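Subject: Structure handover and what was found in it

Dear colleague,

Here is the structure that I promised to pass on to you. Please open it alongside this message, since the notes that follow are meant to be read with the model in view.

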Amino acid sequence: MEGRRPWPIFVLVILILPFFNWAIFSGLSSQSIVDNIEVGPGRTYSTISEAITNAERGQNIIVYPRFYQENLIINRSVTLISQSMLGATIDGSGRNNTVSVSVQGVTIHGFIIQNSGNNETRGKSGLVGYDSGINIANNEVTISNCLFRNNPRTSIFNDYLGDRITITDCEFQG
């Protein structure tokens, strides 16, 4: 074997290497690298509800400044971010919960949340509660840097009796 060159193995490695490179990196590029969804005038969606309906699990929904008159049902693990701090207003029009969260892993950041309804409700947990700015019916929910105003009964109602609900740097007005 002395004097014999391992060129057939070298050639085989050179021929196979591009295939392994493609197989490894094409798998990585398709894993959960998801673009942000944008909501607002001239953006992908004009309503937050449409964006939630079309979002993938774990996706960020960037909401541009505007008055959004809608009652949101968040039934996907997403992150809602106001593009401008307190620039996007979610207005419940005095009906029901302004925002209802029914899944875990939701983050809401930087919104004005206002004008929920004024009704007594019986929630998922069996607790008697009230229409609220945000009704939480699961755990692992984070709410930060939001302003709650004109929610007649309560701003946040935890209907889950769970844990890992984090509320930070929020302001509450009548």
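Below is a description of what was found, going from the whole chain to single residues.

Please keep in mind throughout that this is a predicted model. The protein has 174 residues, of which 37% are buried, and its secondary structure consists of 2 helices and 17 strands. Of the contacts with a separation of 6 or more, 52% are between residues that lie 24 or more positions apart.

The interior

The largest nonpolar core contains 31 residues, and Ile 48, Ile 61, Ile 108 and Phe 111 are the ones with the most contacts inside it. Helix H2, which covers residues 48-54, gives the most to this core, with 3 residues. If you would like to follow one of these residues outward, Ile 61 is a good place to begin: leaving aside neighbours within four places in sequence, Ile 61 is in contact with Ile 37, Val 39, Ala 51, Ile 52 and Ala 55, and also with Val 78, Thr 79, Leu 80 and Ile 81.

Phe 111 leads on to strand E9, which spans residues 111-114 and is covered on both faces, with Phe 111 and Ile 113 buried on one side and Ile 112 and Gln 114 buried on the other. Strand E9 runs parallel to strand E6 (residues 88-91), to which it is joined by 4 bridges, and within this pairing Thr 89 has Ile 112 as its bridge partner. Strand E9 also pairs with strand E14 (residues 147-149), again in the parallel sense, over 3 bridges, and here Ile 113 stands opposite Phe 148.

The loop between E3 and E4

Two residues deserve a look in the loop between strand E3 (66-69) and strand E4 (72-74), and Glu 70 is one of them. Which side chain of opposite charge is nearest to Glu 70? That side chain belongs to Arg 66, at 6.8 Å, and Glu 70, although buried, has no salt bridge. Because a salt bridge requires a nitrogen-to-oxygen distance within 4 Å, the separation of 6.8 Å from Arg 66 does not qualify. The side chain of Glu 70 does make a polar contact, at 2.7 Å, with the side chain of Ser 49. Not counting residues up to four places away in sequence, Glu 70 touches Thr 47, Ile 48, Ser 49, Ile 90, Asp 91, Gly 92 and Thr 98.

Asn 71 is found in this loop as well. A polar atom of the Asn 71 side chain lies 2.7 Å from the backbone oxygen of Arg 95, and a polar atom of that side chain lies 3.4 Å from the backbone oxygen of Gly 92. The C-alpha atoms of Asn 71 and Thr 98 are separated by 4.7 Å, although the two residues are 27 residues apart along the chain. Once neighbours within four places are left aside, the residues in contact with Asn 71 include Ser 49, Asn 96 and Asn 97.

The loop between E12 and E13

Asn 139 is placed in the loop between E12 and E13, and with a relative accessibility of 7% it counts as buried. The C-alpha atoms of Asn 139 and Asp 163 are 5.7 Å apart, while 24 residues separate the two along the chain. Beyond its neighbours within four places in sequence, Asn 139 is in contact with Val 103, Gln 104, Gly 105, Tyr 160, Asp 163, Arg 164 and Ile 165.

Salt bridges

How many salt bridges does the structure hold? There are 2. In one of them, the side chains of Glu 140 and Arg 164 meet at 2.9 Å, N to O. This pair links distant parts of the chain, 24 residues apart, with Glu 140 in the loop between strand E12 (132-136) and strand E13 (141-144) and Arg 164 in the loop between strand E15 (154-158) and strand E16 (165-168). Glu 140 is partly exposed, with a relative accessible area of 32%, and Arg 164 is partly exposed as well, at 45%.

The side chains of Glu 38 and Arg 43 also meet in a salt bridge, at 3.5 Å, N to O. Here Glu 38 counts as partly exposed at 26% relative accessibility, and Arg 43 is partly exposed at 36%.

With best wishes

Methods
Residues are numbered from 1 along each chain as its sequence is written. This is a predicted model: local features need pLDDT of at least 70, side-chain atom pairs count only at pLDDT 80 or more; totals for chains, interfaces and linings use all residues. Side-chain values use heavy atoms; hydrogens and water are left out. A nonpolar core is a set of buried Ala, Val, Leu, Ile, Met, Phe, Trp, Tyr and Cys residues joined through side-chain atoms within 4.5 Å. Buried means under 20% relative accessible area, exposed over 50%, partly exposed in between (1.4 Å probe, protein chains only). Contact means heavy atoms within 4.5 Å. Lys and Arg count as positive and Asp and Glu as negative; His and the chain ends are not counted. A polar contact is a pair of N or O atoms within 3.5 Å; within protein, one must be able to donate a hydrogen and the other to accept it, and residues adjacent in sequence count only if both atoms are side-chain atoms. Two strands pair if DSSP finds at least two bridges between them.
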